[in-house]
Amino acid sequence: MAKVSMEGAGKFSHHYPKVATIVTVHAGGKDNAMAVAWHSSISANPPIYGVSIAPKRFTIELMLESKEFGVNFMPIEQAELVASVGGISGKEVDKFQRWGIEKDKPLKTSVPVLRDAYACYECKLIDHQTYGDHVWVVGEILATHYDKDLFTEGQALNLERVSPALFMGSELYTIPAKDTIRYLDRKVYGKC
C-alpha cells in the first residue's frame, strides 16, 4: 500500500464516510432544515449530542434564537433530500414546502421531526463554541423518535431493513455493506 504523507489536512475528507443527517430547527414561526455530516455523540448520561455548522448558515441563527434543534438520521432513499436541503439557504426558500417534507409531532421541543428519518433526536441547546471555521453546537437529547422495526432488540440499526445514507464527501453518497458486519466482543478481544 502506497501511503502519502503531508503537512496539514489536505482535502480534509479522510474521515468519511459519515452518516448523513438533516438538522432541523423551528424559530419565529419558521421551520428550516440543513444537511450535516459533521456530528457526534458526546455523552450517554446525560445524553448529549453535537453538530458542526458553518456560522454563515441561516440554521445557526435559528438554533441560537430557539435554543433547540433536531438531528434526523436519513436512509439512502432520502439522499436526494439531504443533498437538496444542503444546497440552498432557508433564507431563500421554505424547504419544507418546496420538497414536500413531511413531519411528525415532536415530544419536548418545537423542532421538526422528519417522517422519513429512521431516527431523530430532539435536543435542547446547552452550548455552542466556535472552532476554526465552524460552530460546534451542543444539545441535550430530550426525546428520541425511531422506527422500532428498523432496529434490533439491542437497538442496533438493522442493516437488513434499512441502509443509512453515508456521505463520502465530494457530493458522493453510499450505503454500508450489509454482509460485512462482525460482532467483536471487547471482553474477548480486549484481553491481554
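**Close-up views of a predicted model**

**Figure 1. Antiparallel pairing of β1 with β11.** In this predicted model, two bridges connect β1 to strand β11 (residues 166–169), and the two strands run in the antiparallel sense. Within this pair, V19 lies opposite L166 of β11.

**Figure 2. The open sheet that contains β1, β11 and β12.** Three strands make up this open sheet, in the order β1-β11-β12, and their pairing is antiparallel. The edges are taken by β1 (18–19) and β12 (172–174); each has a single partner strand, so one side of each has no neighbour in the sheet. Strands of a sheet are paired through backbone hydrogen bonds, in a parallel or an antiparallel arrangement.

**Figure 3. The β9–β10 hairpin.** Strand β9 (residues 119–131) and β10 run antiparallel and are joined by 12 bridges. One of the paired positions is H128, whose bridge partner in β10 is V137. Two residues separate β9 from β10 in the hairpin. In the turn, G132 has a positive phi of about 60°.

**Figure 4. Pairing of β5 with β10.** Strand β10 (residues 134–146) is also joined to strand β5 (residues 48–53), here by six bridges, and the two run antiparallel. Y49 stands opposite G139 of β10. Strand β10 thus appears in two views, with β5 as partner here and with β9 as partner in the hairpin.

**Figure 5. The chain as context for the close-ups.** The chain has four helices and 12 strands. Its C-alpha trace spans about 55 × 45 × 30 Å along the principal axes. The radius of gyration is 18 Å, which agrees with the value near 16 Å for a compact globule of 192 residues. Of the contacts with a separation of 6 or more, 60% are between residues 24 or more positions apart.

**Figure 6. Burial, surface and charge in the chain.** Of the 192 residues, 41% are buried. The exposed area of the chain is about 11800 Å², and carbon and sulfur atoms supply 50% of this area. The chain carries 22 positive and 23 negative charges. The mean position of the positive charges and that of the negative charges are 4 Å apart.

How values were computed:
Residues are numbered from 1 along each chain as its sequence is written. This is a predicted model: local features need pLDDT of at least 70, side-chain atom pairs count only at pLDDT 80 or more; totals for chains, interfaces and linings use all residues. Side-chain values use heavy atoms; hydrogens and water are left out. The radius of gyration is taken over C-alpha atoms; the globule rule is 2.2 Å times the number of residues to the power 0.38. Buried means under 20% relative accessible area, exposed over 50%, partly exposed in between (1.4 Å probe, protein chains only). Contact means heavy atoms within 4.5 Å. Accessible areas come from the Shrake-Rupley method with a 1.4 Å probe; for residues, only the protein chains shown count as cover. Lys and Arg count as positive and Asp and Glu as negative; His and the chain ends are not counted. The place of a charge is taken as NZ of Lys, CZ of Arg, CG of Asp or CD of Glu. Two strands pair if DSSP finds at least two bridges between them.
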